[in-house]
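Biologist: I'm new to this one. Could you walk me through the empty spaces in it?

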Amino acid sequence: MKVVIIGPAYPLRGGLATYNERLARAFVAAGDEVRIVTFSLQYPDFLFPGQTQFSTEAGPADLAIEVSLNSVNPLSWVKVGRKLRAERPDLVIFRFWLPFMGPALGTVARLVHGNGHTRVVAITDNIIPHEKRPGDGPLTRYFLSACDGFVTMSRSVLKDLQNLGFGQKPALYRPHPLYDNFGPLKTKDDALVALGLPATTAYLLFFGFIRAYKGLDIMLEVMADKRLAELPIKLIIAGEFYEDAAPYEELIRRNNLEGRIIRATDFIPNEKVVDYFCAADLIVQPYKNATQSGVSQIAYHFERPMLVTNVGGLAELIPDGVVGYVVPPTPAAIADAVVDFYVGKRETAFVAGVREEKKQFSWPVMVAALKEVAGLKAD
């Protein structure tokens, strides 16, 4: 089968690029011919909150990646769409995560459809964005109406599709597969040595780009809890700020947390991800709202217990009391769980639960779902 994936990929960096490249490898493993079409310009600089959109690592030598789509240049949309229409791939998969991308991706999808052969499917990370802006609805509908079907990675997004009036189109929920491309597991001792951290302290990990909805402010309030202050626990903040860091620094100062916080607030390169996860006892996701999270699937791969809040689709993949905790997004509830984890010595049991649960998160399952909603027969 001839497949094209349209979305972020190298030389762009981040979780979406990592996912799309791993998905391409899953199609290759299924015997399909795959190419990724990525952005020559993903966001104008004034819209991008981080330090850089581009990777400093070597590109994947095993993948065909075409850098050709400009998100703000309609001539680029037409060129890419006409090229794909002429090539007649069997399946084009769009990665849709933000209404801003609706015009570019929707235009390409419409042009591709013009060949009467290609099926167009979207992996919809979000239908309703975390941070809402005027015009989100029309931009999203413009893209969704050009698709033949959808795969969502949370049931909440599947429900959003239905609420927006797209319930008549084929749609499947399949959980986010494992991020198994960050290398094999390490021992905790080896990971701590790699990070230069002492083994005399326990570590919580907050990982990923820092945005308001991810609740780092809540986690800093948790660290101020007197019970946690009496335990030998530090919080590792590993990820780049995508907003002003000053309010978080003020929380650290006000709560006298300086000696209990470890900052790694630059972009974390792929080869260092293993060290941060394997050094941690518990991965914390104190999100205020969410759909799904790739952080959970990195934690599953590295067999780390998790704490998530009961918002959006986060709890769908985290059986409470089996692989960790599902709690309300409040400092008190999160602190209660962290105390229970350490005082109750839950790590061994939760790790066993993680090892069992992770078996269900398969890339071949995702490939089959994409083919199914497209109406194409899987190999």
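Biologist: What makes the lining of the largest cavity 6 nonpolar, 1 polar and 2 charged?

Modeller: We count Ala, Val, Leu, Ile, Met, Phe, Trp, Tyr, Cys and Pro as nonpolar, Asp, Glu, Lys and Arg as charged, and the others, Gly among them, as polar. The lining is Leu216, Leu220, Ile237, Phe241, Tyr248, Glu249, Ile252, Arg263 and Thr265, so Glu249 and Arg263 count as charged and Thr265 as polar. This is a predicted model, where local features need pLDDT of at least 70 and side-chain atom pairs 80 or more, while totals for chains, interfaces and linings use all residues. Residues are numbered from 1 along each chain, and side-chain values use heavy atoms, without hydrogens and water.

Biologist: Why is this space called a cavity, and the other one a pocket?

Modeller: On a 1 Å grid over the protein atoms alone, a 1.4 Å probe fits in a cavity but cannot get out, whereas a pocket is an open set with protein on both sides within 12 Å along at least five of seven lines; lining residues have an atom within 4 Å of a point. The search finds 1 cavity of 30 Å³ or more, and the largest has about 50 Å³, a volume being the space filled by probe spheres set on points joined across faces, edges and corners.

Biologist: Which helix gives the most to the cavity lining?

Modeller: α9, with 3 residues; helices here are DSSP runs (H or I, at least four residues).

Biologist: How much space lies in the second largest pocket?

Modeller: About 260 Å³. Among its 16 lining residues, Tyr10, Thr18, Glu21, Glu57 and Asn270 are the closest to its centre.

Conventions:
Helices (H or I, at least four residues) and strands (E, at least two) are DSSP runs, numbered from the N terminus.
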